[in-house]
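Student: I've got a structure to look at and I'm not sure where to start. Can we go through it together?
Tutor: Sure. Have a look, then ask away.

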Amino acid sequence: MALTDPDRLFPADQGVRRLARGLYERVADLPILSPHGHCDPRWFAEDQRFPNPAELFVVPDHYVFRMLISQGVAPTDLGVPRVDGGETETDPRAIWRRFAERYHLFRGTPSAMWLDHSFEHVFGLTEVLSADTADAYYDHIDAKLAEDAFRPRALFERFRIEALSTTESALDDLQWHRQIRESGWSGRVITTYRPDAVVDPEFEGFAENLDKLAELTGEDCATWDGYLNAHRARRAYFKEVGGATASDHGHPTARTENLSQSDAAALFDTVRSGKATPDQADAFRGQMLTEMAKMSLDDGLTLQIHAGSRRNHNAAVFARHGRDKGFDIPGRTDWVGGLKPLLDAVGMEPDLTIIPFTLDETTYGRELAPMAGAYPVLRLGPPWWFFDSFEGIMRFREATTETAGFYNTAGFNDDTRAFCSIPARHDVARRTDCAYLAGLVATGRLREDDAHRVAHDLTYGLAKDAYGL
Amino acid sequence: MALTDPDRLFPADQGVRRLARGLYERVADLPILSPHGHCDPRWFAEDQRFPNPAELFVVPDHYVFRMLISQGVAPTDLGVPRVDGGETETDPRAIWRRFAERYHLFRGTPSAMWLDHSFEHVFGLTEVLSADTADAYYDHIDAKLAEDAFRPRALFERFRIEALSTTESALDDLQWHRQIRESGWSGRVITTYRPDAVVDPEFEGFAENLDKLAELTGEDCATWDGYLNAHRARRAYFKEVGGATASDHGHPTARTENLSQSDAAALFDTVRSGKATPDQADAFRGQMLTEMAKMSLDDGLTLQIHAGSRRNHNAAVFARHGRDKGFDIPGRTDWVGGLKPLLDAVGMEPDLTIIPFTLDETTYGRELAPMAGAYPVLRLGPPWWFFDSFEGIMRFREATTETAGFYNTAGFNDDTRAFCSIPARHDVARRTDCAYLAGLVATGRLREDDAHRVAHDLTYGLAKDAYGL
Amino acid sequence: MALTDPDRLFPADQGVRRLARGLYERVADLPILSPHGHCDPRWFAEDQRFPNPAELFVVPDHYVFRMLISQGVAPTDLGVPRVDGGETETDPRAIWRRFAERYHLFRGTPSAMWLDHSFEHVFGLTEVLSADTADAYYDHIDAKLAEDAFRPRALFERFRIEALSTTESALDDLQWHRQIRESGWSGRVITTYRPDAVVDPEFEGFAENLDKLAELTGEDCATWDGYLNAHRARRAYFKEVGGATASDHGHPTARTENLSQSDAAALFDTVRSGKATPDQADAFRGQMLTEMAKMSLDDGLTLQIHAGSRRNHNAAVFARHGRDKGFDIPGRTDWVGGLKPLLDAVGMEPDLTIIPFTLDETTYGRELAPMAGAYPVLRLGPPWWFFDSFEGIMRFREATTETAGFYNTAGFNDDTRAFCSIPARHDVARRTDCAYLAGLVATGRLREDDAHRVAHDLTYGLAKDAYGL
């Protein structure tokens, strides 16, 4: 018995399925490039065992706990930490049981596919998780985690990860990345420059964050020029110490600005004063995307823009539990108007790469593919977050390929905090892409030999190129 | 010869078709729960015969007559009543012939499938409707309608309806519901509390409606507190006399507000004065959704929100024929911003159910599924109005399941004014859901035994639970 | 060996494929109606040979050169003309080689399918275009172009074009159309009245354009009445001299207005003064759509509205190379609010046809199909520009048929500047429609005999009717 079907995600029609399987077989074992995600570099620096099944699969994964919350489980019953340090469940087995009893909630979701894949292919489990099997699962996984073969570095190697990017705040000292490099371990774990805390005037502690930035760099962050220099210094540090090849920016909108330097300096003064209106805050974030792109012209970092999440949608959950707790809801995003100032400034540059990620699928065909099919700087990021799934990837391909082709896209990102889901997520992407390509071949839209080339590029070449890996 | 294909809506691939058929066979004959719709309770109170084929199938069904109008038939030639009481076609056979001659206009539409299903499975007809068969159809149906077996209660029982909710204005005296109950008939026909006429400042006769509300309840509807008490009284009346388990709200936007009681009282004064701006009118409707939700915490009614229809789009048609004449056109709807005040107020309540219905399919995956996959109060309403169809249901499942799963949805609603279409509509939903589930099974995304459980829940369990039936 | 699969675009399932092939075989050879496009009438007036392969396939086709630009080829390396008359590549073989080397960029795109179709079925080529075959291709096509059988009129006849509409500015003298008619050639090439240059206050040279309009018509275009009369005169000229049966309007939004004549006259004065705000300019364009519709009530021209393109998105490319250079990006479009004034004015007219084209696919099911399924004047235009493709047409049918049926749509438009792609594009539309219809038949949603009738109407009857051809 198996938890996963060996032909999963391939088209049901037998002829197309054979085509898909044939394509997949040649990319299934390619190394994993994970150029954007949220794994903790400390895992690989210290290489300690993962503490227990609940802290591996439930507590850090907002995909999992938000679903349980949506059916009435209290966040504290799942061990979600409280901002005030108040009580939350500390018994990992109790958390695990609550999860296992409700595993049917995940039917038909990618989470179920990722989890089943991890349970079976990482831990060797073959029975379905349920209330009945909860304890056996817990004991089995916990025992495995005690083995050396299940420590982070061993799993990294077993997963055939060629490169893994984590994401650190601009204020991070990159201690763990430094430690990884100094350890002599051959695994390639690199950082990404994520300056939201010092770019977004609405970020918690923005003023203090600027002070820290000044302190870290020795630049005068009370002036626009000093502030920009501080970014340049941190970017250089991230490249040198953390091996960064990209920056990343999480903004509520896709707005960009290309103000004169004097207007930008004036806006920076307003923002620093703490008196910026929401519109000015948004304008400042937008100006900083253009500034970052200009710095990329010098230092070669690829620019990633993750736009469109209305973060912390529920006031009470945010007050009690803080950020990243499953209550970030997408909204409409205007890419065509938003990116115009940025693209007027740098859109035709031959050596710059900008990767937009959207949570508004309506923009795939209407805005992003037409722009990526014209501007040399743009490579479309893969489906993100709620759309990193079979249907999501299929809709992305169907909506973008006809206009932008394959070569204006950037390969796959797993974007995960759940380490064990990395092979599962890349496998879903490879299978779905092969299913899509097989459909093109079967309907005379792509030659089979070309489909093999494209499958390889989608799996490996495009990510390597877009991120300069 | 048959009008309907026994394997209709099942996937074409033979293997997947077998799976779909297997799933469908076990839910096809489950009783019908119809928790939201617009049937006339008078039918079941009086149990008189339906007058004629035109008044059964054409005149009350805006799906049907709007299509005929779109190809140049005048509304008055279809018997659509005039506001001024002016002339309109009164010969039902003439109306029927105009419909029959143009039956080809419905090719490929769900209306054709519903109509053919009713013609065949309710009335035993097997030839295609056309100009040639118009009179034979008319005579056959008219003769059947004269039989006792085709009276409303007999059809209700033949259709295996376990519960049918109608929708009444807050000002309705529920005479017919009272009569149904007093008749001793066992059929369960219940009402729904629909207060648009006394909640929407832009509703025709709003001021007079408030006077009637005051009169009906003995509350002082010139004050905010009295007005709220009047709602409480009517809700209690709808529960007691009409068996209501839900309220329903038809709003042009998804806006909600959570004002302080003093601000709400001030807004109510403005609204009562007849001087509210469109923005204030929208704010008031939005505030009332939050008030209704708070009342639901006390009385347990499920809250339905039908948002996003731009009603009465054509000024001339509205002036001549009034509401609900096929000229209600959907528009963009912002659920993520719109529901935030409501969800900040009551979103984490364990015992409240809120069911949103949208006409903006772009919000399925981007806004509604992410919210329903986090907030305990939300259960997604099924595809509504233009989207209550094979493609519409399939898109709904494909866009919501991966994020919200199945258990954050609310089963099926037929939402119809066309009584004979009820079995047809539920059959379409059951077949489409089974087709979707079969696709998941065939591609390794759902285990077959789980698919059977889900099919049962989608057909029966989820609606029963979401509406407290 | 062949470049194109004889069963391309038909469903993979063998049973459905047989149905699709059966439908296609009966429409494949119907004559082509091309009621909207951008071919140059001079080709047919002079009937000179096409100059060379690059000027036939690359230089005029923004689908092709934007994709090459998106991967870093400079526009001037592709012979794209410069506004300042500066240097651009003049060697057609060099342009052709740059194109051929990058032909892999088009994998999976409709451009590849159109190009392969033209290469094989127009020119008899059977090897795949690549760097290796670039010169052989060039020589082969160039030699063919020298033959009489490859001159414009011969190809027109070989393509079985029954009618081809070009699009001319309201200021055009229709010299080539006059010459075609005077030549005695039997090919039906007609014009379309496109008055953007004298309707859009933001068009380059708007004031001078109004002067030219006055000069051409002898009307006083400094007054609103004179200006309207000038339009009437040009429309009559386009009908008489160019055989026009339609007007066409390319607007950034779908806004319409129905102002009083005095307000319209005042707005015209503002617009003429060159001081109109962007909002006033948009209002004026919107008012002119209603004026054009009213003129159509008199002269019978069908009104086409192409709304939603944000033209000339990149400032530098526009400054250097001008309009229509692949940097026109769609944006969100509000049809339900936008068309209301127009539809309140003329929406119920029985003898007027208005054809909307959208670049915002979200409006298919949400706005356009519900409106077309109610208003007699509306016939939905086929998928436009980025969506004139297999997936685009399939999405259009899936999103519109259930609400608007087939008979509220307007058949197919190729809308092309690339003459040789006309048979390829119509073939894609016919195959895709047949694939869609076959799916309906296979799933019991349409009877097979009805599917044959619908296939014929989609291919021929609906366009003929909507454009009065």
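Tutor: One term first: contact means heavy atoms within 4.5 Å. Also keep in mind that this is a predicted model.

Student: Okay. How many residues do chain C and chain A put into their contact?
Tutor: Chain C gives 45 residues and chain A gives 42.

Student: And how much area is buried between chain C and chain A?
Tutor: About 3,600 Å². Carbon and sulfur atoms give 53% of that area.

Student: Which three residues of chain C supply the most of what it buries against chain A?
Tutor: R107(C), H313(C) and R332(C). They supply 21% of the area on the chain C side, more than any other three residues.

Student: How many salt bridges are there between chain C and chain A?
Tutor: Four. One pair that meets in a salt bridge is D450(A) and R107(C), at 3.5 Å from N to O. So R107(C) turns up twice: it is in that salt bridge, and it is one of the three residues that bury the most against chain A.

Student: What about polar contacts between chain C and chain A?
Tutor: The rule finds 21 residue pairs there, counting pairs with both residues at pLDDT 80 or more.

Student: Which elements of chain C give two or more residues to that side?
Tutor: There are helices and a strand in the list. The helices are α4 (62-70), α6 (110-122), α15 (315-321) and α19 (390-404) of chain C. The strand is β9 (329-330) of chain C.

Student: What's the mix of residue classes on that side of chain C?
Tutor: It has 19 nonpolar, 14 polar and 12 charged residues.

Student: Switching over. How many residues are in contact between chain B and chain A?
Tutor: 42 residues of chain B touch 45 residues of chain A. The buried area is about 3,600 Å², and carbon and sulfur atoms give 54% of it.

Student: How many salt bridges join chain B and chain A?
Tutor: The rule finds four. R445(B) forms one with E391(A). The closest N and O atoms of that pair are 3.0 Å apart. For polar contacts, the count between chain B and chain A is 21 residue pairs, both residues at pLDDT 80 or more.

Student: Which elements of chain B are on that side?
Tutor: Those that give two or more residues are α17 (340-346), α18 (362-372), α19 (390-404), α20 (421-442) and α21 (448-466) of chain B. The largest share comes from α18(B), with seven residues. By class, the chain B side has 18 nonpolar, 10 polar and 14 charged residues.

Student: Why do you say the copies meet through different surfaces?
Tutor: Look at the overlap. Only 7% of the interface residues of chain B are also interface residues in chain A, so the copies meet through different surfaces. The figure for chain C against chain A is also 7%, so the conclusion holds there too.

Student: What turn lays chain C on chain A?
Tutor: A turn of 120°, with a shift of 0.0 Å along the axis and an RMSD of 0.0 Å. The two copies are therefore related as by a three-fold rotation axis. In chain C, D13(C) has the C-alpha nearest the axis, 3.7 Å from it.

Student: And what rotation superposes chain B on chain A?
Tutor: Again 120°, with 0.0 Å of shift along the axis and an RMSD of 0.0 Å. In chain B the C-alpha nearest the axis is that of D13(B), at 3.7 Å.

Student: New topic. What domains is chain A divided into?
Tutor: Domain 1 is 14-48 + 152-466, and domain 2 is 50-150. Their C-alpha centres lie 27 Å apart.

Student: How many residues of the two domains are in contact?
Tutor: 30 residues of domain 1 of chain A touch 27 of domain 2. Together the domains bury about 2,400 Å², with 66% of it on carbon and sulfur atoms. On the domain 1 side, R320(A), H321(A) and C420(A) lose the most area, together 23% of what that side buries.

Student: How many salt bridges does the rule find between those domains?
Tutor: Zero. It does find six residue pairs in polar contact, both residues at pLDDT 80 or more.

Student: Which element of domain 1 gives the most to that side?
Tutor: α20(A), with six residues.

Conventions. Residues numbered from 1 in each chain as written. Chains lettered and ligands numbered in written order. Predicted model: local features only at pLDDT ≥ 70, side-chain atom pairs only at ≥ 80, totals over all residues. Heavy atoms only, no water. Buried area = accessible area lost by both parts, 1.4 Å probe. Salt bridge = Lys/Arg side-chain N within 4 Å of Asp/Glu carboxyl O. Polar contact = N/O pair within 3.5 Å; in protein donor to acceptor, adjacent residues only side chain to side chain. Helix = DSSP H or I, 4+ residues; strand = E, 2+ residues; numbered from the N terminus. Nonpolar A, V, L, I, M, F, W, Y, C, P; charged D, E, K, R; others polar. Least-squares fit on C-alpha atoms with pLDDT ≥ 70 in both. Domains from an automatic or database assignment.
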